[in-house]
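Student: I want to learn how to read a model like this one. Where do we start?
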Amino acid sequence: MENAPTTALVTGANKGIGKEIARQLAAAGVHVLLAARDAERGRKAVAELNADEAAADVRLLVLDVTDPDGVARAAAEVDRLDILVNNAGMMADGSTAPDAELDAFRRTFETNVFGVLTVTNAFLPALRRSPAPRIVNISSGTGSLAWSADPAREFALAAGSGAAYRSSKTALNALTLFYAQTLAPEGFKVNALAPGLRRTDLNALAAASDGDPAEAAAGAVRLALLPDDGPTGAFLSWDGTPVPW
Ligand SMILES: NC(=O)c1ccc[n+]([C@@H]2O[C@H](COP(=O)([O-])OP(=O)(O)OC[C@H]3O[C@@H](n4cnc5c(N)ncnc54)[C@H](OP(=O)(O)O)[C@@H]3O)[C@@H](O)[C@H]2O)c1
């Protein structure tokens, strides 16, 4: 088992930052399970990565993180997993808390928080079969309460906007720490990444930015391939610098 190829699962990997994480892991020689909730979108991304990267070994896993039965079925297909990247995420709207619609809040937490819990717990048996299990949670600097409270930061100037998304990432940070603490005795490394603003379909601000998703992906890959003396229970920026909780 020790000699089996390193296997990684990346959720929401049919586009955006997740696809770049899958691409870079494949380029590093990792066998990648590219998870997508839509089979057709997933197949397209798998074909692209296998064509682009010499020796890429990318396979599709259809997985909607909000569907516990489907996640359990997907997990049953995987014997051993070395790396889990919880990347799938969404932003329903940019409302402040007083203006928020409860349903938008619920849908955001369903994907960004409960989805991570569902996927992580379903794949824990497979991760426990790895000699060096790694979990990377794609969070956001906007989930940092310290940064949100800092008047010098643009998030503070945004005065509580994106309350559902940002509080979901704060909750994800808490989960990251608790998983790290609980699983440390078993050799797991569990960390959260703040990818920085990247040009993706996440929201209008991201779509209009010139941030390269591949640069953020490199930060995630560094955490996915951490050596045994690497950090756990950390919240790190894409460039490896610590982000305050
Ligand atoms: N872009 C930024 O500036 C930025 C900044 C901070 C943090 N992030 C975080 O980075 C991660 C990736 O986002 P992105 O910017 O790459 O956005 P994106 O291009 O919109 O990609 C999001 C991915 O998540 C998938 N997804 C959404 N809900 C899902 C579900 N229920 N089950 C499975 N997959 C689901 C999407 O699939 P479909 O194609 O089927 O919708 C898509 O593949 C997210 O966690 C996001 O919060 C991004």
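Tutor: With two terms. Helices and strands are DSSP runs, numbered from the N terminus. A residue is near a molecule if one of its heavy atoms lies within 4 Å of it. Keep in mind that this is a predicted model.

Student: Which helices each supply at least two residues of the shell around the ligand?

Tutor: Helix H1 (16–27) and helix H7 (163–183) do. In total, 28 residues surround the ligand. The closest are Asn14, Arg37, Tyr165, Arg198 and Thr200.

Student: How does the shell around the ligand split by class?

Tutor: There are ten nonpolar, eleven polar and seven charged residues in it.

Student: Which polar atoms should I look at around the ligand?

Tutor: Take N or O pairs within 3.5 Å. A polar side-chain atom of Arg41 sits 2.8 Å from a ligand oxygen. The side chain of Lys169 places an N or O atom 2.9 Å from an oxygen atom of the ligand. Val65 uses its backbone instead: a polar atom there is 3.0 Å from a ligand nitrogen.

Student: How much of the ligand does the protein bury?

Tutor: Taken alone, the ligand exposes 900 Å², and the protein buries 94% of that.

Student: Now the interior. What is the general idea for nonpolar side chains?

Tutor: In soluble globular proteins, they tend to be buried together. In this model, the largest nonpolar core has 31 residues. Those with the most contacts inside it are Ile21, Leu25, Val32, Leu34 and Val58.

Student: Which elements give two or more residues to this core?

Tutor: The strands are S1 (7–10), S2 (31–36), S4 (83–86) and S5 (134–138). The helices are H1, H2 (39–52) and H9 (213–224). H9 gives the most, with six residues. Another core lies apart from this one. That other core has 27 residues, among them Leu61, Leu84, Ala88 and Val190.

Student: Which residues does Val32 contact, leaving aside neighbours within four places in sequence?

Tutor: Ala8, Val10, Ala22, Leu25, Ala26, Asp57, Val58 and Arg59.

Student: Next, two residues in one helix. Is Thr120 buried or exposed?

Tutor: The cut-off for buried is under 20% relative accessible area. Thr120 is at 1%, so it counts as buried. It belongs to helix H4 (residues 102–127). Its side chain reaches the backbone oxygen of Val116 at 2.6 Å. Beyond its neighbours within four places in sequence, Thr120 touches Leu84, Asn86, Ile135 and Tyr179.

Student: And Asn121, how does that residue count?

Tutor: Asn121 is also found in helix H4. At 40% relative accessibility, Asn121 counts as partly exposed. Its C-alpha atom is separated by 13 Å from that of Ala180, 59 residues apart along the chain.

Student: Where does Thr11 lie?

Tutor: In the loop between S1 and H1. Thr11 has 2% relative accessibility and therefore counts as buried. A polar atom of its side chain lies 2.9 Å from the backbone nitrogen of Asn87. Leaving aside neighbours within four places in sequence, the contacts of Thr11 include Ala35, Leu63, Val65 and Val119.

Student: One last case. How does Phe178 count, and why?

Tutor: Partly exposed, because its relative accessibility is 49%. The cut-off for exposed is over 50%. Phe178 is found in helix H7. Phe178 and Ser148 are 30 residues apart in sequence and 22 Å apart in space, C-alpha to C-alpha.

Note on methods: Residues are numbered from 1 along each chain as its sequence is written. This is a predicted model: local features need pLDDT of at least 70, side-chain atom pairs count only at pLDDT 80 or more; totals for chains, interfaces and linings use all residues. Side-chain values use heavy atoms; hydrogens and water are left out. A polar contact is a pair of N or O atoms within 3.5 Å; within protein, one must be able to donate a hydrogen and the other to accept it, and residues adjacent in sequence count only if both atoms are side-chain atoms. Accessible areas come from the Shrake-Rupley method with a 1.4 Å probe; for residues, only the protein chains shown count as cover. Helices (H or I, at least four residues) and strands (E, at least two) are DSSP runs, numbered from the N terminus. Ala, Val, Leu, Ile, Met, Phe, Trp, Tyr, Cys and Pro count as nonpolar, Asp, Glu, Lys and Arg as charged, and the others, Gly among them, as polar. A nonpolar core is a set of buried Ala, Val, Leu, Ile, Met, Phe, Trp, Tyr and Cys residues joined through side-chain atoms within 4.5 Å. Buried means under 20% relative accessible area, exposed over 50%, partly exposed in between (1.4 Å probe, protein chains only). Contact means heavy atoms within 4.5 Å.
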